[in-house]
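Good morning, colleagues. Please have the sequence and the three-dimensional view open, as I shall refer to both throughout.

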Amino acid sequence: AGHRDARGAGTGQNLKLLPCSQLQQRAASTMAERGSEMETVRLNNGVEMPLVGLGTFRLQGYETVHRALDAALGQGYRAVDTAAEYGNEADIGRALRELLPKHGLARRDLFVTSKLAPRDMGRGAAEAGCRHSLEALGLDYLDLYLVHWPGKQGHKSQDPRNPSWRRESWEAMERMQEAGSFRAIGVSNYTEGHLREMLPTCRIAPAVLQTEFHPRLVQRGLLEFCTAHAIHLQAYSSLGQGELVAEGTVLGVAASLGRTPAQVLLRWAVQQGVGVIPKSSDPQRIGLNRQIFDFRLGQEQMDLLSAMHSNTHYCWDPGAVV
């Protein structure tokens, strides 16, 4: 189990904050309708991003990556999430070069996200890390690039240099976006405190915060803060490392709707405007995980799931990072 961030994350109080560079007109992220259901989100700089993407954490080996991407593209996925730290950028790039033509798709049809490795935080290293991701993926540009973690690998969470490393990394990513290498930039695993620190001084506002968010970790205050500052919240670990699909409350809701527990958990997030990036290497599960736009959860079901909150982190808790 995790702990609440002493820096203020999750409080949802005192939301007013001087935004950077007009915070893209301080517009809240708005949904863009596609068909009869909203399947994309318009980020604060106008870039449109699918609400559901394929997560690739722990997808290792070219054959595994190829099989997962082939299934995803064939079943309607138009977003892929990776990271330098995952060690699979090169395999993903290679697979996409083969699979996009197979599925009748062009590069512009796919939204690709990657992340700056924690080891590459800081002046000099950050720009090199950004360029390494582009080279490994074999792409001219990325749709979204994120700071993966608010601290630098090999240094303590309490290291007083962390704020400087974050600022220098963000400045490098701002330059990369201005040069056309990134369509949008954002952060991952930042707390409300980390966001409050960066917003008054950054030139380009973060478009996305990717963080752990699920019924056992309902970061309501953080979601409210992001909404107020036009930052789209995207969830990872939506299934709680697989543990949440066996929870009684989730199973009950799923049974009442004739849906899988995973679909219920993903729908719970998307129905709040939160993006999701479920990961799987199984073609059938990959397909089922995207089939969440043809049903809705009732308010009572939403409340039942949210009431499961226990402040549990199945992954990493960034609250201790200064």
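I begin with Gly 138, which is found in the loop between α3 and β7. I should say at once that this is a predicted model. With a relative accessibility of 46%, Gly 138 counts as partly exposed, the band in question lying between the 20% limit for buried and the 50% limit for exposed. Along the chain, Gly 138 and Glu 89 are 49 residues apart, yet their C-alpha atoms are separated by 8.9 Å.

Glu 89 brings us to a pair of helices. Helix α2 covers residues 89–102, and its axis and that of α3 come within 7 Å, crossing at roughly 40°. How, then, are α2 and α3 oriented to each other? They are oblique, because an angle of that kind falls outside the ranges for roughly parallel, roughly perpendicular and roughly antiparallel. On the α2 side, the residues that meet α3 are Glu 89, Ala 90, Ile 92, Gly 93 and Arg 97. On the α3 side, the partners are His 132, Ser 133, Ala 136 and Leu 137. By character, the residues of this contact between α2 and α3 divide into 4 nonpolar, 3 polar and 2 charged.

Let me turn to the sheet. It is an open sheet of 8 strands, paired in parallel, and its order is β4-β5-β6-β7-β8-β9-β10-β11. Which strands are at the edges? They are β4, residues 54–55, and β11, residues 275–276, each of which pairs on one side only. Helix α3, residues 125–137, packs on this sheet and touches β6 (111–116) and β7 (144–147). The direction of α3 makes about 140° with that of β6.

Within the sheet, I would draw your attention to β10, residues 232–236. On one side, β10 runs parallel to β9, residues 208–212, and 5 bridges join the two. In that pairing, Glu 212 stands opposite Tyr 236. With β11, the pairing of β10 is again in the parallel sense, over 2 bridges, and here Gln 234 stands opposite Gly 275.

Is β10 enclosed or open to the surroundings? Since 5 of the 5 residues of β10 are buried, the strand is largely enclosed by the rest of the structure. As a general point, side chains in a regular strand alternate between the two faces of the sheet. In β10, one side carries His 232, Gln 234 and Tyr 236, the other carries Leu 233 and Ala 235, and all of these are buried. Both faces of the strand are thus covered.

A similar question may be put to a helix. How many residues of α8 are buried? Helix α8, residues 261–270, is mostly covered, with 10 of its 10 residues buried. Among them are Gln 263, Arg 267 and Trp 268.

Next, a single position in helix α4, which spans residues 162–178: Ser 169. Its relative accessibility is 0%, so Ser 169 counts as buried. Setting aside neighbours within four places in sequence, Ser 169 is in contact with Leu 116, Met 121, Gly 122 and Ala 126.

A second helix pair deserves comment. Helix α7 (residues 248–257) and helix α10 (residues 299–306) pack with their axes 9 Å apart, at an angle of about 160°. The two helices are therefore roughly antiparallel to each other, the threshold for that description being 145 degrees. Their crossing is left-handed. From α7, the residues Thr 249, Val 250, Val 253, Ser 256 and Leu 257 meet Gln 301, Leu 304 and Leu 305 of α10. The residues of this contact divide into 5 nonpolar, 3 polar and no charged.

I close with two backbone details. Most residues other than glycine have a negative phi. Asn 189, in the loop between β8 (185–188) and α5 (192–198), has a positive phi near 65°. Its relative accessibility is 2%, so Asn 189 counts as buried. Asn 311 lies in the segment after α10 and has a positive phi near 60°. With 14% relative accessibility, Asn 311 also counts as buried, because the limit is 20%.

Notes. Residues are numbered from 1 along each chain as its sequence is written. This is a predicted model: local features need pLDDT of at least 70, side-chain atom pairs count only at pLDDT 80 or more; totals for chains, interfaces and linings use all residues. Side-chain values use heavy atoms; hydrogens and water are left out. Axes are lines fitted to C-alpha atoms, for helices over the stretch in contact, and angles run from 0 to 180 degrees between N-to-C directions. Helices (H or I, at least four residues) and strands (E, at least two) are DSSP runs, numbered from the N terminus. Angles under 35 degrees count as roughly parallel, over 145 as roughly antiparallel, 65 to 115 as roughly perpendicular and the rest as oblique. A crossing is left-handed if the near helix is turned anticlockwise from the far one by less than a right angle, and right-handed if clockwise. Contact means heavy atoms within 4.5 Å. Ala, Val, Leu, Ile, Met, Phe, Trp, Tyr, Cys and Pro count as nonpolar, Asp, Glu, Lys and Arg as charged, and the others, Gly among them, as polar. Two strands pair if DSSP finds at least two bridges between them. Buried means under 20% relative accessible area, exposed over 50%, partly exposed in between (1.4 Å probe, protein chains only).
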